[in-house]
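The following exchange concerns the reasoning behind several structural labels. Each answer sets a computed value against the criterion that applies to it.

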Amino acid sequence: LDAGLNYVDTSTGYCAGKSLKWTGRAIKNRRSEILFSCKSNWSAAPKADEVRRSIDAALIEAELDYFDFYQLWGLEEAKTVQQAVAKGGFLEGVRKAQKDGLVRYGTGFTFHGRPEVFREAIDTGEFACTTVSYNLMNRNEEDQIAYAADKGVGVVVMNPLAGGVLALAGDKNLSFLHGAGIGPSYGALRFLLANRGVATCIVGFRDTAEVGQALAALADAEKLDDAYRRNLVSSMEAVQLIKGNF
């Protein structure tokens, strides 16, 4: 928080069910400084009243008075979009929670589906943000990121280091990503920052040293441009690390 990292992504299921309690306790005395996002699966809470109960229960667990964002977890199918925005559906439940001051900015969705489903969700105009998997090894969502950003929807990147693959400092194939005295996570994060459609990234930290590495990657990030990003893509395409999807 002191360094300006001010967005956290949580869920009832993370960290063996302890994420909400731990994170809520950690930021309780500095609540106004952080954007706190929680989520639930549409299939577990498809109706407005069920969503409201999920939000209430999560706030009790986190010992907080409100969330900043509440997301629909794991959007994959068009029918989910249609049912979520329908009368009495997921989004109605979040809107009611907003009216009561329990969700500050609105709802988002985390995405694992086809491009047309993503765009249908964005085009509803109901979502404040979206969370997508994007990194130097997996750039499948680049068009979707641009589409969302053009519509004024905030884009949050998950899997920014490809599940840790792009943090393997000992792999010589990734030396082109090194900088500031740290390993390839430096260039991998700067690649994301060079994409102006990206609002922020959620990085999984295991210790304070990794927080420092991420902060080093932020230095002068506003100067990064698309030419820098394309150069990293070209270098990455020459590297064979893992074949197929993972």
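Q: Where does helix α5 lie, and at what angle does it run to β4?
A: In this predicted model, helix α5 (residues 90-99) lies across β2, β3 and β4. Its direction is at about 155° to that of β4. Helix α3 (residues 48-62) also lies across β2, β3 and β4 (103-111), running at about 125° to β3.

Q: What makes β2 and β3 paired strands?
A: Pairing requires at least two bridges between two strands. Strand β2 (residues 35-41) and strand β3 (residues 67-75) are joined by 5 bridges and run parallel, so the criterion is met. Within this pair, C38 stands opposite Y70 in β3.

Q: Why are β1 and β7 called edge strands?
A: The open sheet has 7 strands in the order β1-β2-β3-β4-β5-β6-β7, with parallel pairing. Strands β1 (7-9) and β7 (200-201) each pair on one side only.

Q: How is it known that C15 is in no disulfide?
A: A disulfide requires two cysteine sulfur atoms within 2.5 Å. The cysteine sulfur nearest to that of C15 belongs to C38 and is 12 Å away; therefore C15 does not qualify. A search of the whole structure finds 0 disulfides.

Q: Why is C201 not bonded to C129?
A: The sulfur of C129 is the closest cysteine sulfur to that of C201, but the separation is 14 Å, which is too far for a bond.

Q: Why is C201 called buried, and C15 partly exposed?
A: Buried means under 20% relative accessible area, and exposed means over 50%. C201 has 19%, so it is buried. C15 has 47% relative accessibility and therefore counts as partly exposed.

Note on methods
Residues are numbered from 1 along each chain as its sequence is written. This is a predicted model: local features need pLDDT of at least 70, side-chain atom pairs count only at pLDDT 80 or more; totals for chains, interfaces and linings use all residues. Side-chain values use heavy atoms; hydrogens and water are left out. Helices (H or I, at least four residues) and strands (E, at least two) are DSSP runs, numbered from the N terminus. Contact means heavy atoms within 4.5 Å. Axes are lines fitted to C-alpha atoms, for helices over the stretch in contact, and angles run from 0 to 180 degrees between N-to-C directions. Buried means under 20% relative accessible area, exposed over 50%, partly exposed in between (1.4 Å probe, protein chains only).
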